[in-house]
Amino acid sequence: GTKLDESELRTWWRTFGDGQLTGFVNQAVKRSPQLRLAAARLKEARALRGVAESGRFPTLDAGGSMDRGRRATRGRPGTNTLYSGSFDATWELDLFGKIRRQVEAADAELQASEEDYYDVLVTLTAEVALNYVEVRAFQKRVKVARENRAAQRKTLDLVKGSFEAGEVSRLDLE
């Protein structure tokens with residue numbers, strides 16, 4: 001057999017080549033509250049993982065201020081401007097692995113959120129496809145039943161004609 005890659009697995013229903021099924025699945029994916037919730041959880045897990053990862057790097061703080069005032073110097077009026085600035089960098093050594101464990105936990109949460117999202121996606125698309133296939137099967141059954149009814153009606157008309165011509169008995173007609 002042919003092995004599908006991950007992107008093909010995420011759009012497996014397209015292998016049917018049915019544009020209407022693809023349209024129904026796309027609508028379901030866009031409108032599914034469960035999928036939107038799973039996507040929001042995935043986005044949150046990615047953000048929290050970024051926050052945990054940021055603990056590995058130094059933090060930088062900078063600040064500045066300006067003070068302008070009027071005062072007289074040697075009897076003459078004037079203005080003084082005073083500028084001040086600060087810069088601070090801190091970095092926490094991860095001696096006991098606290099930050100590393102936080103990143104690992106965030107990675108695990110991210111992976112779980114991704115799996116949850118894809119579980120919801122697969123379940124949703126499978127349900128849409130299953131319902132679609134069932135509808136198509138019922139449509140086919142109805143078509144076959146109508147064709148059978150038309151064939152039986154044609155047979156009845158032939159037997160009726162034969163009965164009226166005296167070629168078959170009443171039992172054959174019934």
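# A guided tour, starting at T22

Select T22 in helix α2, which spans residues 19–31. Helices here are DSSP runs of H or I with at least four residues, strands are runs of E with at least two, and both are numbered from the N terminus. T22 has 15% relative accessibility, so T22 counts as buried. Buried means under 20% relative accessible area, exposed means over 50%, and partly exposed lies in between (1.4 Å probe, protein chains only). Now show what surrounds T22. Beyond neighbours within four places in sequence, T22 contacts W13 and R14. A contact means heavy atoms within 4.5 Å.

**Before going on**

This is a predicted model, where local features need pLDDT of at least 70, side-chain atom pairs count only at pLDDT 80 or more, and totals for chains, interfaces and linings use all residues. Residues are numbered from 1 along each chain as its sequence is written, and side-chain values use heavy atoms, with hydrogens and water left out.

Colour by pLDDT, the predictor's confidence in each residue, from 0 to 100. The protein averages 79, and 76% of the residues score at least 70. Confidence is highest in α2, at a mean of 90. Confidence is lowest in strand β1 (residues 59–73), at a mean of 66.

**Zoom out**

Switch to cartoon. There are five helices and two strands. From the N terminus, the order is α-α-α-β-β-α-α. The protein has 174 residues, and 16% of them count as buried. Turn on the surface. The accessible surface is about 14,100 Å², and carbon and sulfur atoms make up 55% of it. These areas come from the Shrake-Rupley method with a 1.4 Å probe; for residues, only the protein chains shown count as cover. Take the contacts between residues at least 6 apart in sequence: 63% of them join residues at least 24 apart.

**Stop 1: the tryptophans**

The structure holds four aromatic pairs. Rings of Phe, Tyr and Trp (its six-membered ring) pair if their centres lie within 6.5 Å; planes under 30 degrees apart count as stacked, over 60 as edge-to-face and the rest as tilted. Select W12 and W13. Their pair is edge-to-face, 6.0 Å centre to centre, with 80 degrees between the planes. W12 is partly exposed, at 23% relative accessible area. W13 is buried, at 4%. Add F16 to the selection: W12, W13 and F16 form one aromatic cluster.

For another of the pairs, select Y117 and Y118. This pair is also edge-to-face. The ring centres of Y117 and Y118 are 5.1 Å apart, with 80 degrees between the planes. Y117 counts as buried at 18% relative accessibility, whereas Y118 counts as partly exposed at 24%.

**Stop 2: T125**

Which side chain does T125 join by a polar contact? Select T125 in helix α4 and look towards W12. The side chains of T125 and W12 are joined by a polar contact of 3.3 Å. A polar contact is a pair of N or O atoms within 3.5 Å; within protein, one must be able to donate a hydrogen and the other to accept it, and residues adjacent in sequence count only if both atoms are side-chain atoms. T125 is buried, with a relative accessible area of 1%. Leaving aside neighbours within four places in sequence, T125 contacts W12, W13, V25 and V29.

**Stop 3: A28**

Go back to helix α2 and pick A28. A28 is buried at 16% relative accessible area. Not counting residues up to four places away in sequence, A28 touches L124 and V128. Draw the C-alpha distance from A28 to V128: 7.6 Å, for residues 100 apart along the chain.

**Stop 4: D18**

Move to D18, in the loop between α1 (6–10) and α2. D18 is partly exposed, at 21% relative accessibility. The D18 side chain reaches the backbone nitrogen of L21 at 3.2 Å. Outside the residues up to four places away in sequence, D18 touches Y132 and R136.

**Stop 5: the salt bridge**

How many salt bridges are there? The count comes to one. The rule asks for a side-chain nitrogen of Lys or Arg within 4 Å of a carboxyl oxygen of Asp or Glu. Select R46 and E114, whose closest N and O atoms are 3.8 Å apart. R46 lies in helix α3 (residues 33–54) and E114 in helix α4 (residues 98–164), so the pair ties together parts that are 68 residues apart in sequence. R46 is partly exposed at 46% relative accessible area. E114 also counts as partly exposed, at 25%.
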